[in-house]
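Hi,

Here is the structure I promised to pass on. Have a look at it first, and my notes on what turned up are underneath.

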Amino acid sequence: MATDVLALDPIEIGILHQKGAFELPPQDVQDELISLFFTWVAPTVPVIQEADFLRRYRDPLNPPSLLLLQSIFVSVSRFPRKELHDYEGNPRTDSKTFFKRAKALYDAGYEQDQVTTVQSLVLMGWYWHGPQDVTENGLFYYSRLAIAVAQDCNMDRSAELTNLSQSQHRLYKRIWWTLFTRDRTVTVAYGRPVSIQLDHSSVDPITEDDFVEDGYTPNPIHVQFFLQYVELTKILHMSMLRPIKQRGGSQAEANQCEYELNKWLLDCPEVIRWQQSRHEFWASLLHCSYNTILCLLHGPQRVKTTKIISSTSQTVSSEAVSMILSAAESLISHNQIQYAPPSILYALMTVLATVKEQLTSPLPSIILQSKRKVNTCVRILDALSPTWPITRMISEIVDHVFSEKKFLDKFDAATKQFQDDEESNAGASKRQYKRTVPTAKQSRPEMMLPKARVTVKMLLSTAETGNAVARGQPLTSKTMFAASSEPSQELARGSPTHPNTARDTDTQDDAEDEASGRRSKKPRHSYTSTTPAEDLTSHQNSQGLHLFNENWSSILPPIINDWDAACPAPEQKSPSQSSLDFDQWESFSELEAHLINVTRLAARTMFSAHD
């Protein structure tokens, strides 16, 4: 990493002196800044070999590159420390001053070593003071320059280089994969095209061995953080940054991205797995990135193009937003939020974009939750403002987009819509479950006939069995069968039927239906009796038993079927006769109850006679 000051024009050297490019802060401030860098910045951008740099930093005869030193100060000068406040009194001026010094050295071509130039450009891209720093002086501009210089020295084909030592080979891999992560995150944040195509490079995957240095034992948490961060960036590329012609917009593609994210979460080492009960700074940042990808994958535009189920995506994105805010609040509670990298700003902007979509929900509870999330996000932005002044501009945008008046209007509209939906659902429920019991007069007679037919058949069968008992015959299944089938046998012999005998309804129904091809409307049962009710009472008393005689069914009124207009009018009945007219019953239940009571009376009388 040679620096040839003599190669510069004396006029250019004089200009650099006038810009203060060769000035350095006091030694104690330098020591503090170097310590902050390797503690809070280097794990995210491991482009410098810590052991080699510290050896040169302590060697006055072989100091590190001045451009690299000024770039390191740029990346950490905003971190709140007492030494920084004491140095020229204004830490914000210090950050801008360090950046101007590093920029002057780079523009003058002061550094001749390309590897050192790449390292310095990566760290200069850490400067982000305002909106103009995205392209002109900061994130995007210097990241693209670093990639161009790295490709010029064949870092993208380090696997093919045979003239490198093992230490150089490891450093090249670390620098290239750092550039890959920066390229993807900046591309997603600002919608720019990617500069690194993995298909066009031959760099081996980064491993734990690439962090091994002579005389230095790396922090395992720092190593695992960067390894897992690279894997997340690859998933980000697959889910959001694939060329348009390769985006099928299919459910299969979305499922593949979801699978990769779930696999990453399952394979994440325990030392870097974030838990609310066990805080870890790097684990918090890593899972913020994970949940940011979830929000992007299940965002409204992504759901529309990939046909993901909207309700499921809303649930996933809402939970991801809550996890990001929870991790950021944990950083605040542990007084570590000021050390967070700029990626957390993009995570918070993703949260705000997701919450804005949730404000379209018709549920008032979702509106209230969104307001609480916005308030939490604003509080986190305020905590980040000393380190990243750009957050002040973001807070102004939030105040405009999520004003109190807009929240109230959204909440009132959602409340009104929710009440209207509840009233509509209640009315529909009443109409759906309202039960109307038709009366016999409102019903078609043939709808009542099956119930009446079954009940009357049961009564007649019970009557015949009761008559057999009254004649002294044993109560057996054969007797019951013979008694119930006797009328059918008489019909088969052609003998006249008893006026109280029911027809064989099953046989006749089948014959009529087969002959007519439709349901018969002729009466299925009709029985009358001329036996007065007084004769029945005297007969029962003479036997000393409350049972029915052979004409016991005479107490039942005959069934009158008046649905057939062609049916002749019934004859005039004697005073002792009665009729079972369907029109006199208000409902099925009343008719059924009447017939069941008659059945119970017949059964009780029959079994009393048997005893």
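The side chains of Glu50 and Tyr216 make a polar contact of 2.5 Å. This is a predicted model, by the way. Glu50 sits in helix α3 (residues 50-57), and although Glu50 is buried, it has no salt bridge. The nearest side chain of opposite charge belongs to Arg174, 7.3 Å away.

Those residues come up again in the cavities. The second largest cavity holds about 190 Å³ of space. It is lined by 16 residues, and the ones closest to its centre are Ala42, Glu50, Arg174, Phe211 and Tyr216. By class, that lining splits into 11 nonpolar, two polar and three charged residues.

In total there are eight cavities of 30 Å³ or more, and the largest has about 400 Å³ of space. Of the 28 residues lining the largest cavity, Thr185, Val186, Tyr229, Ser343 and Tyr346 are the closest to its centre. Two or more lining residues each come from α9 (166-190), α10 (220-240), α12 (281-297) and α15 (343-358), with α9 giving the most, seven residues. The lining here has 20 nonpolar, seven polar and one charged residues.

Helix α4 (residues 66-76) is worth a look too. 11 of its 11 residues are buried, so the helix is largely enclosed by the rest of the structure. Among the buried ones are Gln70, Ser71 and Ser75. At the N-terminal end of α4, Ser65 acts as a cap, with a side-chain oxygen 3.3 Å from the backbone nitrogen of Leu67.

Now the salt bridges, of which the count is 14. Lys371 pairs with Glu404, with the closest N and O atoms 2.7 Å apart. Lys371 lies in helix α16 (residues 364-384) and Glu404 in helix α18 (residues 404-433), so this pair ties together parts that are 33 residues apart in sequence. Glu404 is partly exposed, at 45% relative accessible area.

Two others stay within one helix. In α18, Asp409 and Lys405 are four residues apart, about one helical turn, and their side chains meet in a salt bridge at 3.1 Å, N to O. Asp409 is partly exposed at 41%, whereas Lys405 counts as exposed at 58%. In helix α11 (residues 251-267), Asp267 and Lys263 are likewise separated by about one helical turn, and their closest N and O atoms are 3.1 Å apart in a salt bridge. Asp267 is partly exposed at 48%, and Lys263 is partly exposed at 38%.

Finally, Arg144, Asp183 and Arg184 are joined into one network by salt bridges that share partners.

Cheers

Notes:
Residues numbered from 1 in each chain as written. Predicted model: local features only at pLDDT ≥ 70, side-chain atom pairs only at ≥ 80, totals over all residues. Heavy atoms only, no water. 1 Å grid on protein atoms, 1.4 Å probe; cavity = no way out; pocket = protein on both sides within 12 Å on 5 of 7 lines; lining within 4 Å. Points joined across faces, edges and corners; volume = space filled by probe spheres on them. Nonpolar A, V, L, I, M, F, W, Y, C, P; charged D, E, K, R; others polar. Buried < 20%, exposed > 50% of the residue type's maximum accessible area, 1.4 Å probe, protein only. Lys, Arg positive; Asp, Glu negative; His and termini not counted. Salt bridge = Lys/Arg side-chain N within 4 Å of Asp/Glu carboxyl O. Polar contact = N/O pair within 3.5 Å; in protein donor to acceptor, adjacent residues only side chain to side chain.
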